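Got your viewer open and a selection tool ready? Let's take a walk through this protein, one stop at a time.

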Amino acid sequence: MFGKKKDPKKQVRQQQRQLTHAQRDIDRDIRGLERQEQQIQNEIKKAAKTGDKQTLTILAKQLINIRKQKTRMLGMKGQIGAVKTQTTTMQASMNMAQTMKTTTGVMSQMNKQMNPQDMAKVMQGFERESAKMDMTGEMMEDTLDAALGDSEDEEESNQIMNQVLDEIGIEVKGKMDSAPAAGSSSLAGPSNVRGSRAPTDEDIEAQLKRLAEL
């Protein structure tokens, strides 16, 4: 137990309790002086009525001494209150200092853990790996485009060709529907003059030639 350092907070609380107790004692003494003062004032009034000058003189001196003592006690009470306020302020300062000490320790530990050089290395490594990832992604996209590009072009070419063929087929069909039938006047030509005879081989070849020219 000897040589053991006391907690400053406990010391401050103990001192505040002692000062509070002292203030209460002074208040009790002041109340006692006030009762004596009132009693002496009553005795002075009685002596004044009887004309006892000697008693009045003694009582007046006692009243002065009591009032002086009361003034001193009030001054002491004010001083104790000031000391109590000062100890409260000191306790607040000690608490703030302890908080700052704790904060400083935490900041010191964080600074040790967060070495700027190590952080710079980590950031450089992150940027390097990020660049590698971007390059890898671009290479994969290029590989996929090279592998799937021909088939996509071929599919697109087939689609366009089918569309064109469909359009051509519709156009040829429309022209064939509007073309004159075999044996008509527009295709038979001079045969119409000879009546309704059956088409000859020359007529059929002429009609096929017209269809081919469409």
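Begin with E129 and K132: they sit three residues apart in helix α3, so about one helical turn separates them. Select both side chains and you'll find a salt bridge, with the closest N and O atoms 3.8 Å apart. That falls inside the cut-off, because a salt bridge here needs a side-chain nitrogen of Lys or Arg within 4 Å of a carboxyl oxygen of Asp or Glu. How buried or exposed are the two partners? E129 is partly exposed at 44% relative accessibility, and K132 is partly exposed with a value of 44% too. Keep in mind as you click around that this is a predicted model.

**Zoom out**

Now show the whole chain as a cartoon. How many helices and strands does the protein chain have? Count five helices and zero strands. Following the chain from the N terminus, you'll pass α-α-α-α-α.

Next, switch on the surface. The accessible surface of the chain is about 17,900 Å², and carbon and sulfur atoms own 57% of it. Of the 214 residues, 13% count as buried. Look at the contacts as well: among those with a separation of 6 or more, 68% are between residues 24 or more positions apart.

**Stop 1: helix α1 meets helix α2**

Select D27 and K77. These two form a salt bridge, and their closest N and O atoms are 2.6 Å apart. This pair ties together distant parts of the chain: D27 is in helix α1 and K77 is in helix α2 (residues 53-113), 50 residues apart. D27 is partly exposed, with a relative accessible area of 21%. K77 is partly exposed as well, at 31%.

Leave K77 highlighted and add Q23. You'll find Q23 in helix α1, which covers residues 8-50. Which residues does Q23 touch, leaving out those up to four places away in sequence? They are K77, I80, G81 and K84. Q23 has a relative accessible area of 16%, so it counts as buried; the cut-off for buried is under 20%. Compare that with D27, which is partly exposed at 21%.

**Stop 2: a linked group of charges**

Slide along to K70 and E34. Here's another salt bridge, with the closest N and O atoms 3.3 Å apart. Again the pair links distant parts of the chain, with K70 in helix α2 and E34 in helix α1, 36 residues apart. E34 is partly exposed, at 37% relative accessibility.

Now add E37 and R67 to your selection. Together, E34, E37, R67 and K70 are linked in a network of salt bridges. How many salt bridges are there in the model overall? The count comes to six.

**Stop 3: a nonpolar patch**

For a change from charges, select V106, M110, M114 and M119. What do these residues form on the surface? They make up a nonpolar patch, with about 350 Å² of accessible area together. Click on M119 by itself: its home is helix α3, residues 116-178. At 39% relative accessibility, M119 counts as partly exposed.

**Back where you started**

Stay on helix α3 and bring E129 and K132 back into view, the pair separated by about one helical turn. Then set them beside D27 and K77, whose salt bridge runs between helix α1 and helix α2. Flip between the two selections to see each kind of pairing for yourself.

Technical notes:
Residues are numbered from 1 along each chain as its sequence is written. This is a predicted model: local features need pLDDT of at least 70, side-chain atom pairs count only at pLDDT 80 or more; totals for chains, interfaces and linings use all residues. Side-chain values use heavy atoms; hydrogens and water are left out. Helices (H or I, at least four residues) and strands (E, at least two) are DSSP runs, numbered from the N terminus. Buried means under 20% relative accessible area, exposed over 50%, partly exposed in between (1.4 Å probe, protein chains only). Contact means heavy atoms within 4.5 Å. Patches are made of residues with over 30% relative accessible area and no salt bridge: like charges are joined within 9 Å, nonpolar side chains (Val, Leu, Ile, Met, Phe, Trp, Tyr) within 5 Å. Accessible areas come from the Shrake-Rupley method with a 1.4 Å probe; for residues, only the protein chains shown count as cover.
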